[in-house]
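Here is a set of short exercises to work through with the model open beside you. Try each task before reading its solution.

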Amino acid sequence: MNIKELQIFIHLSQSLHFGRSGDAMHLSASAVSRSIMRLEEQVGVALFERDNRRVQLTAAGREFLRYAEQAVVNWQSVLQRLHNQGEALQGELGVFCSVTASYSVLSNILEVFRQRYPAIELKLHTGDQADAIERIVEGGEDLGITAKPRQLSSRLLYQELTRSPLRLLVPNIPCAVNEQIAAVGEVLSPDVLANLPFILPERGVARTLIEHWFRQQQIKPSVYAQVSGHEAIVSTVALGLGIGVVPELVLATSFLRERVRVISVEPALPSMEVGMVVLQQRLSNPLVKAFWDCAKSSYSSLN
């Protein structure tokens with residue numbers, strides 16, 4: 001077996017879809033299938049159960065996955081050490097975060113990282129922070145910046161970087177939503193909140209925290225829209241279409257912050273912990289460890 005076959009196996013074990021793994025590995029679905037068959041012939045057992053409707057790991061496949069992940073990490077680490085013997089660290093490093101985090105969180109890390117490791121090329125990919133953990137687990141990125149979920153796989157390591165309180169936003173323009181708020185003197189009791197149109201994130205940690213707060217206040221919100229990404233909530237509220245909840249970090253960096261305003265509620269909305277996540281085994285890669293340590297030192301000096 002070779003490293004490429006192990007990488008294909010690892011990706012398929014996460015995606016459980018031959019087509020998606022093929023796209024990610026720049027192969028056809030049939031090529032992925034042949035690679036898995038070769039692995040199964042070499043180990044002498046079935047690694048996947050597959051039929052027309054689903055693909056899933058066997059017990060032997062789950063055991064082999066631990067070996068495959070460690071083997072790939074060890075191989076990458078050896079290559080990195082060989083390439084960097086007697087030289088400064090160099091190579092590519094993939095980092096995933098939201099657009100907001102790229103300049104509100106990542107910028108602090110990069111100030112230190114660029115000074116220490118100018119030869120490392122950073123490949124920054126942005127998107128919904130709710131996707132960060134999935135992308136790390138699937139091996140698409142080396143590290144990610146995201147809100148900390150309530151449950152985290154034992155395969156992942158997480159370090160807190162900062163905290164951001166959630167804020168309730170209302171439009172700052174004449175609109176029907178503001179007429180409703182003005183009619184109650186801007187005192188947003190649970191009954192009032194239940195009758196206002198809410199813009200909520202589709203998924204992610206913020207959605208979980210907001211729903212928990214709703215349950216505590218016995219609020220059944222009237223959901224006007226569900227959007228992907230916190231930045232989209234600010235823009236939708238700014239249009240006067242409803243009210244929404246976003247982390248303060250997002251509001252502070254939004255170019256639309258003058259078109260919305262924050263209203264306090266009691267009890268206060270919770271804070272969201274923001275940090276860095278990595279597959280535990282990836283920390284044996286010198287580049288990944290370097291970035292991880294820079295993040296730690298960057299924020300330990302700020303906290």
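Strands here are DSSP runs of E with at least two residues, helices are runs of H or I with at least four, and both are numbered from the N terminus. Please keep in mind that this is a predicted model.

**Exercise 1. Placing L279**

Find the element that holds L279, decide whether L279 is buried or exposed, and list what it touches.

Solution.
- Step 1: L279 belongs to strand β11, which spans residues 271–279.
- Step 2: The relative accessible area of L279 is 12%. Buried means under 20%, so L279 is buried.
- Step 3: Not counting residues up to four places away in sequence, L279 touches I136, V137, R155 and L156.
- Step 4: For a sense of distance, take E179, which is 100 residues from L279 in sequence; the two C-alpha atoms are 49 Å apart.

**Exercise 2. Placing L193**

Now do the same for L193: which helix holds it, and which residues does it contact?

Solution.
- Step 1: The helix is α9, residues 190–194.
- Step 2: L193 has a relative accessible area of 2%, so it counts as buried.
- Step 3: With neighbours within four places in sequence left aside, L193 is in contact with L168, L188, F198, W213, I219 and I243.
- Step 4: D131 is 62 residues from L193 along the chain, and their C-alpha atoms are separated by 29 Å.

**Exercise 3. The buried side of α2**

Work out which residues of helix α2 are buried, how they are arranged around the axis, and what they pack against.

Solution.
- Step 1: Helix α2 covers residues 18–25, and its buried residues are F18, S21, G22 and M25.
- Step 2: These residues cover an arc of only 105° around the axis, so they are on the same side of α2.
- Step 3: The spacing fits a general rule: an α-helix has 3.6 residues a turn, so residues three or four places apart point the same way.
- Step 4: The partners of this buried set are helices α1 (3–15) and α3 (29–43), together with strands β1 (48–50) and β2 (55–57).

For contrast in location, look at helix α11, residues 230–238. Its buried residues are H230, I233, V234, T236, V237 and A238. Just after α11, G240 takes a positive phi of about 85°.

**Exercise 4. Backbone angles worth a second look**

Locate L16, H26 and P267, and say what is notable about the backbone at each.

Solution.
- Step 1: Start from the general expectation that most residues other than glycine have a negative phi, and most peptide bonds are trans.
- Step 2: L16 sits in the loop between α1 and α2. Its phi is near 55°, a positive value in a residue other than glycine. L16 is partly exposed, at 33% relative accessible area.
- Step 3: H26 lies in the loop between α2 and α3, just after α2. Phi of H26 is also positive, near 60°. With 73% relative accessibility, H26 counts as exposed.
- Step 4: P267 is found in the loop between β10 (260–262) and β11. The peptide bond from E266 to P267 is cis, with omega near -5°.

**Exercise 5. Cysteines and disulfides**

How many disulfides does the whole structure hold, and why is C97 not in one?

Solution.
- Step 1: A disulfide is a covalent bond between the sulfur atoms of two cysteines.
- Step 2: Searching the whole structure gives zero disulfides.
- Step 3: For C97, the closest cysteine sulfur is that of C294, 16 Å away, and this is too far for a bond. The cut-off is 2.5 Å.
- Step 4: C97 is buried, at 0% relative accessibility. C175 is buried as well, with a relative accessible area of 14%.

**Exercise 6. The whole protein**

Finally, describe the protein by its elements, its extent, its burial and its charges.

Solution.
- Step 1: Count the elements: 13 helices and eleven strands.
- Step 2: Along the principal axes, the C-alpha atoms fill a box of roughly 70 × 50 × 30 Å.
- Step 3: Of the 303 residues, 47% count as buried. The protein exposes about 15,100 Å², and carbon and sulfur atoms supply 50% of that area.
- Step 4: Among contacts with a separation of 6 or more, 74% come from residues 24 or more positions apart.
- Step 5: There are 29 positive and 30 negative charges, and their mean positions are 3 Å apart.

Conventions. Residues numbered from 1 in each chain as written. Predicted model: local features only at pLDDT ≥ 70, side-chain atom pairs only at ≥ 80, totals over all residues. Heavy atoms only, no water. Buried < 20%, exposed > 50% of the residue type's maximum accessible area, 1.4 Å probe, protein only. Contact = heavy atoms within 4.5 Å. Areas by Shrake-Rupley, 256 points an atom, 1.4 Å probe, with all protein chains shown as cover. Lys, Arg positive; Asp, Glu negative; His and termini not counted. Charge placed at Lys NZ, Arg CZ, Asp CG, Glu CD. Arc of directions from axis to C-beta.
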